[in-house]
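Biologist: I would like a close look at one part of this model. Please take me through the sheet and what packs around it, step by step.

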Amino acid sequence: VEKVLKDLADDGFEYILCDSPAGIEKGAFLAMYFADQAVVVVNPEVSSVRDSDRILGLLASKTQRAENGERVKEHLLLTRYSPSRVETGEMLSIKDVEEVLGLKTIGVIPESGDVLNASNKGEPVILDGESNAGQAYDDAVARLLGEDRPMRFIQAEKKGFFSKIFGG
């Protein structure tokens, strides 16, 4: 893994993304060991937050940077977020997740069928500019690159008068 990463850096790649499987296993260790930065992807559910907390502990202790007394720069990406489910208490809020993990959120991806549709087509949802999820991923990438963008898709949609009456 180290050789591949060095070869890519020598070829002029500024950013090299290593995706890893969920959970704490060899694939995750290989992806994180040489990391300069980490985007920790978490669903707003207790089990996912707990797993992410363990990953953050490993990033702080079991990486090449940690061995050299340095830290991996960590970012939090919250996925499958549903403001209406947060309001009913079915899901953790952004603030809850940030407090447990001690990280600021770089992006909030709304729960969306567009993600599954894009996955089934073999296309990244970020290419769908009409999709809220695609737009949210685009915003998160921009923030990761240092751009200042407002957080969108984090408030529950307010129902209008006729929607309330007719259940729309």
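Modeller: One cut-off comes first: a residue counts as buried when its relative accessible area is under 20%. Keep that in mind for glutamate 98, which has 17% relative accessibility and therefore counts as buried. I will come back to that residue. Note too that this is a predicted model.

Start with the whole chain. It has 9 helices and 3 strands. Along the sequence the pattern reads α-α-β-α-α-β-α-α-β-α-α-α. The C-alpha atoms fill a box of roughly 60 × 30 × 30 Å along the principal axes. Of the 168 residues in the chain, 32% are buried. Take the contacts with a separation of 6 or more: 60% of them link residues 24 or more positions apart.

Now the sheet. It is open, holds 3 strands in the order S1-S2-S3, and pairs them in parallel. S1 and S3 are at the edges and have a single partner strand each, so one side of each has no neighbour in the sheet. From one strand to the next, the twist averages 20°.

Look at the pairing strand by strand. S1 covers residues 37-42 and pairs with S2 over 6 bridges, in the parallel sense. Find valine 41, and its bridge partner in S2 is leucine 77. On the other side, 4 bridges join S2 to S3, residues 105-110, and these two strands also run parallel. Here leucine 78 stands opposite valine 108 in S3. Leucine 76 has a bridge partner in S3 as well, threonine 105.

How enclosed is strand S2? S2 spans residues 73-81, and 7 of its 9 residues are buried, so the rest of the structure largely encloses this strand.

Next, the helices that lie across the sheet. Helix H3, residues 46-61, lies across S1 and S2 and runs at about 165° to S1. Helix H8, residues 132-144, lies across S1, S2 and S3. The angle between H8 and S3 is about 170°.

Between S1 and H3 there is a loop, and asparagine 43 is found in it. Is asparagine 43 buried or exposed? Its relative accessible area is 19%, so asparagine 43 is buried. The side chain of asparagine 43 makes a polar contact of 2.6 Å with the side chain of threonine 79. Set aside the neighbours within four places in sequence. Asparagine 43 is then in contact with Ser48, Val49, Leu78, Thr79 and Arg80.

H3 also has helix partners. One is helix H6, residues 94-101. H3 and H6 pack at an angle of about 35°, and their axes are 10 Å apart. Their crossing is right-handed. From H3, the residues Val49, Ser52, Asp53 and Leu56 meet Val97, Val100 and Leu101 of H6. Val49 of H3 thus appears in this meeting with H6 and among the contacts of asparagine 43.

H3 plays a part at helix H2 too. In H2, residues 26-33, the residues Ala28, Ala31 and Met32 are buried. Seen down the axis of H2, the buried residues fall within an arc of 90°, so they line one face of the helix. What covers them includes H3.

Now back to glutamate 98. It is found in helix H6. Which side chain does the side chain of glutamate 98 join in a polar contact? The partner is threonine 105, at 2.8 Å. Threonine 105 is also the bridge partner of leucine 76. Not counting residues up to four places away in sequence, glutamate 98 touches Leu76, Leu103, Lys104 and Thr105. Both residues of that bridge pair, leucine 76 and threonine 105, are therefore on the list of residues touched by buried glutamate 98.

Finish with a contrast. Glycine 122 lies in the loop between helix H7, residues 113-121, and H8. With 65% relative accessibility, glycine 122 counts as exposed. Glycine 122 and aspartate 19 are 103 residues apart in sequence. In space, their C-alpha atoms are 16 Å apart.

Technical notes: Residues are numbered from 1 along each chain as its sequence is written. This is a predicted model: local features need pLDDT of at least 70, side-chain atom pairs count only at pLDDT 80 or more; totals for chains, interfaces and linings use all residues. Side-chain values use heavy atoms; hydrogens and water are left out. Buried means under 20% relative accessible area, exposed over 50%, partly exposed in between (1.4 Å probe, protein chains only). Two strands pair if DSSP finds at least two bridges between them. Axes are lines fitted to C-alpha atoms, for helices over the stretch in contact, and angles run from 0 to 180 degrees between N-to-C directions. Contact means heavy atoms within 4.5 Å. A polar contact is a pair of N or O atoms within 3.5 Å; within protein, one must be able to donate a hydrogen and the other to accept it, and residues adjacent in sequence count only if both atoms are side-chain atoms. The arc is that of the directions from the helix axis to the C-beta atoms. A crossing is left-handed if the near helix is turned anticlockwise from the far one by less than a right angle, and right-handed if clockwise.
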